[in-house]
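Visitor: I should like to learn how to read a protein structure, one feature at a time. Please begin with the basic vocabulary.

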Amino acid sequence: MVSASSSTLMAERISCYCALFMAVMMVLNCCEMSESGSSVVISAHRDMGSKPCDEIYVVREGETLQTISEKCGDPFIVEKNPHIHDPDDVFPGLVIKITPFQS
């Protein structure tokens, strides 16, 4: 029989590994590797070209829901992200769903 403390410890370990995996995936997603000659250069995607926002958006330092809404063309960010309880409590690293408004 598994005790409650050992199952809690197991759940915490799994949660930690999942968080680590997500962090690695986010870093790999925002960086691209390109070979130039014999060296490998890692560059972040800073200019997105004609597509300013992906469907999954990670909030950056200094951004608000208003600035993200204007940048991405999605006036209904709060309605589509039920995990945002307070629109003023947006922080770097928060993951939100973006659906650009189609007129």
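Guide: A helix is a DSSP run of H or I with at least four residues, and the numbering starts from the N terminus. Please keep in mind that this is a predicted model. Helix α2 covers residues 65–72. Just after α2 comes Gly73, whose phi is positive, at about 75 degrees.

Visitor: How many helices and strands does the protein have?

Guide: There are 3 helices and 4 strands. Followed along the sequence, they appear in the pattern α-β-β-β-α-α-β.

Visitor: Which residues of α2 are buried?

Guide: To answer this, one needs a cut-off: buried means under 20% relative accessible area, and exposed means over 50%. In α2, the buried residues are Leu65, Ile68, Ser69 and Cys72. Seen down the helix axis, these buried residues fall within an arc of 100 degrees, so they line one face of α2. Gln66 and Glu70, on the other side of α2, are exposed.

Visitor: What covers the buried residues of α2?

Guide: The cover includes strand β3 (56–58), helix α3 and strand β4. Ser69 serves as an example of a single residue in α2. Ser69 counts as buried because its relative accessible area is 17%. Apart from neighbours within four places in sequence, the contacts of Ser69 are Asp74, Pro75 and Ile77.

Visitor: Which residues make up the largest nonpolar core?

Guide: A nonpolar core joins buried residues of certain kinds through their side-chain atoms. Here the largest one has 12 residues: Cys53, Tyr57, Val59, Leu65, Ile68, Cys72, Ile77, Ile84, Val90, Leu94, Ile96 and Ile98. The element that gives the most to this core is α2, with 3 residues. As for the protein as a whole, buried residues make up 16% of its 103 residues.

Visitor: What is Val59, a member of that core, in contact with?

Guide: Setting aside neighbours within four places in sequence, Val59 is in contact with Ile68, Val90, Phe91, Pro92, Gly93, Leu94 and Ile96. One of these partners, Leu94, deserves a closer look.

Visitor: Where does Leu94 lie, and is Leu94 buried or exposed?

Guide: Leu94 sits in the loop between α3 (77–80) and β4 (95–97). With a relative accessible area of 10%, Leu94 is buried. Beyond neighbours within four places in sequence, Leu94 is in contact with Tyr57, Val58, Val59, His83 and Ile84. Leu94 and Val58 show how distance along the chain and distance in space can be read together: they are 36 residues apart along the chain, while 5.6 Å separates their C-alpha atoms.

Visitor: What does Val58 touch?

Guide: Val58 belongs to strand β3. At 29% relative accessibility, Val58 counts as partly exposed. Not counting residues up to four places away in sequence, Val58 touches Met26, Glu63, Gly93, Leu94 and Val95. Another pair to examine is Val58 and Lys97, which are 39 residues apart in sequence and 8.9 Å apart in space, C-alpha to C-alpha. For the whole protein, take the contacts between residues at least 6 apart in sequence: 44% of them join residues at least 24 apart.

Visitor: How many salt bridges are counted?

Guide: A salt bridge requires a side-chain nitrogen of Lys or Arg within 4 Å of a carboxyl oxygen of Asp or Glu. The count is 2 salt bridges. In one, Lys71 pairs with Glu63, and the closest N and O atoms are 3.9 Å apart. Lys71 is partly exposed at 35% relative accessible area, whereas Glu63 is buried at 16%. In the other, Lys80 pairs with Asp74, and the closest N and O atoms are 3.0 Å apart. Lys80 is partly exposed at 29%, and Asp74 is buried, with a relative accessible area of 0%.

Visitor: Let us turn to the surface. Which residues make the nonpolar surface patch?

Guide: The patch, of about 760 Å², is made by Tyr17, Leu20, Phe21, Met22, Val24, Met25 and Leu28. Of these, Tyr17 has its place in helix α1 (residues 4–30). Tyr17 is exposed, with a relative accessible area of 58%. The accessible surface of the protein comes to about 8200 Å², and 61% of that surface belongs to carbon and sulfur atoms.

How values were computed: Residues are numbered from 1 along each chain as its sequence is written. This is a predicted model: local features need pLDDT of at least 70, side-chain atom pairs count only at pLDDT 80 or more; totals for chains, interfaces and linings use all residues. Side-chain values use heavy atoms; hydrogens and water are left out. Patches are made of residues with over 30% relative accessible area and no salt bridge: like charges are joined within 9 Å, nonpolar side chains (Val, Leu, Ile, Met, Phe, Trp, Tyr) within 5 Å. Accessible areas come from the Shrake-Rupley method with a 1.4 Å probe; for residues, only the protein chains shown count as cover. Helices (H or I, at least four residues) and strands (E, at least two) are DSSP runs, numbered from the N terminus. Buried means under 20% relative accessible area, exposed over 50%, partly exposed in between (1.4 Å probe, protein chains only). Contact means heavy atoms within 4.5 Å. The arc is that of the directions from the helix axis to the C-beta atoms. A nonpolar core is a set of buried Ala, Val, Leu, Ile, Met, Phe, Trp, Tyr and Cys residues joined through side-chain atoms within 4.5 Å.
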